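Got the viewer open? Turn on the cartoon, keep the selection box handy, and let's walk along the chain together.

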Amino acid sequence: MFDLIQIIYWLALSTWFGGVLFVAIAAPLIMRATRDSHLVLTNVLSVNLEGQHGTLLGGAIVGRIMSVVHRVELACAAALLVATIGQWIVLRPGGALLMPPIARAGLYLGAVALLVYEWRVAWPRMWRNRQEYVDHADEPDVANPALDRLNVDQSETAMVLAFRVALLLGMILFSAGIRQTNTILIPA
């Protein structure tokens with residue numbers, strides 16, 4: 001039973017960490033590549049958006065990636081919760097052995113809180129500001145504040161993503177020593 005719990009735990013944790021790390025690396029590269037391409041989006045006709053077309057396209061690409069990554073992260077978080085509960089039941093940590101599982105649980109809760117915040121609050125707000133910017137591109141009094149809010153939102157989601165990478169890396173580090181110590185060996 002312990003081996004199955006560990007397989008689920010490590011698959012979920014490594015997949016979650018890998019997905020978040022991928023986005024943390026890929027998103028800035030996508031944004032830079034689309035911005036540097038000096039693209040013109042034919043469905044957005046505005047002089048106010050000059051130079052912003054690549055940023056809008058990059059944001060759309062990253063947004064589509066994130067819609068998939070958020071679902072993968074949620075699945076990994078659910079599997080990790082089940083595996084963590086299984087570890088507590090099987091290992092029954094106590095005394096000095098209690099601190100690493102508590103640290104892992106705290107890091108897990110922090111990562112889940114940031115995931116839910118980004119998924120349910122930050123990304124929807126960012127997309128509303130993006131849409132307001134595009135919808136009012138020919139009205140600088142509306143578009144420019146929306147663009148400012150969009151830039152702040154993008155910085156915030158990048159920071160939330162970086163914190164999630166750090167929390168998941170912390171979980172990996174605190175998971176290195178998980179061992180079943182109460183195994184009874186029966187001689188053959």
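What follows is a stop-by-stop tour, with something to select at each stop.

A word on what you're looking at: this is a predicted model, where local features need pLDDT of at least 70, side-chain atom pairs count only at pLDDT 80 or more, and totals for chains, interfaces and linings use all residues. Residues are numbered from 1 along each chain as its sequence is written, and side-chain values use heavy atoms, with hydrogens and water left out.

**Stop 1: helix H1**

Select residues 2–36, which make up helix H1. Helices here are DSSP runs of H or I with at least four residues (strands are E runs of at least two), numbered from the N terminus. H1 has 35 residues, so at 1.5 Å a residue it should span 51 Å, and its end C-alpha atoms are indeed 51 Å apart. The expected span is 1.5 Å times one less than the number of residues.

Now zoom in on Ala26, where H1 bends by about 25 degrees. That bend is the angle between axes fitted to the seven residues ending there and the seven starting there. Look within four residues after Ala26 and you'll find a proline, Pro28.

**Stop 2: His38**

Next, pick His38, in the loop between H1 and H2. His38 has a positive phi, near 55 degrees. Most residues other than glycine have a negative phi. Is His38 buried or exposed? His38 is exposed, with a relative accessible area of 68%; the cut-offs are under 20% for buried, over 50% for exposed and partly exposed in between, using a 1.4 Å probe and protein chains only. Try a distance label from His38 to Met171: they are 133 residues apart in sequence, and their C-alpha atoms are 41 Å apart.

**Stop 3: H1 against H2**

Add residues 53–91, helix H2. How do H1 and H2 pack? Their angle is about 165 degrees and their axes are 8 Å apart. The axes are lines fitted to C-alpha atoms, for helices over the stretch in contact, and angles run from 0 to 180 degrees between N-to-C directions. H1 and H2 are therefore roughly antiparallel, a label for angles over 145 degrees (under 35 is roughly parallel, 65 to 115 roughly perpendicular, and the rest oblique). Colour the H1–H2 contact by residue class and you get 27 nonpolar, 11 polar and 2 charged residues. Nonpolar covers Ala, Val, Leu, Ile, Met, Phe, Trp, Tyr, Cys and Pro; charged covers Asp, Glu, Lys and Arg; the others, Gly among them, are polar.

While you're on H2, click Ile61. Ile61 is partly exposed, at 34% relative accessibility.

**Stop 4: Arg92**

Go to the loop between H2 and H3, where Arg92 sits. Arg92 isn't a glycine, yet its phi is positive, at about 45 degrees. Arg92 is exposed, at 66% relative accessible area.

**Stop 5: H2 against H3**

Select residues 99–135 for helix H3. H2 and H3 pack at about 155 degrees, with their axes 10 Å apart. That makes H2 roughly antiparallel to H3. The H2–H3 contact holds 19 nonpolar, 4 polar and 4 charged residues.

**Last stop: Arg125**

Finish on Arg125, in H3. At 24% relative accessibility, Arg125 is partly exposed. Select Asp153 as well: Asp153 is 28 residues from Arg125 along the chain, and their C-alpha atoms are separated by 7.7 Å.
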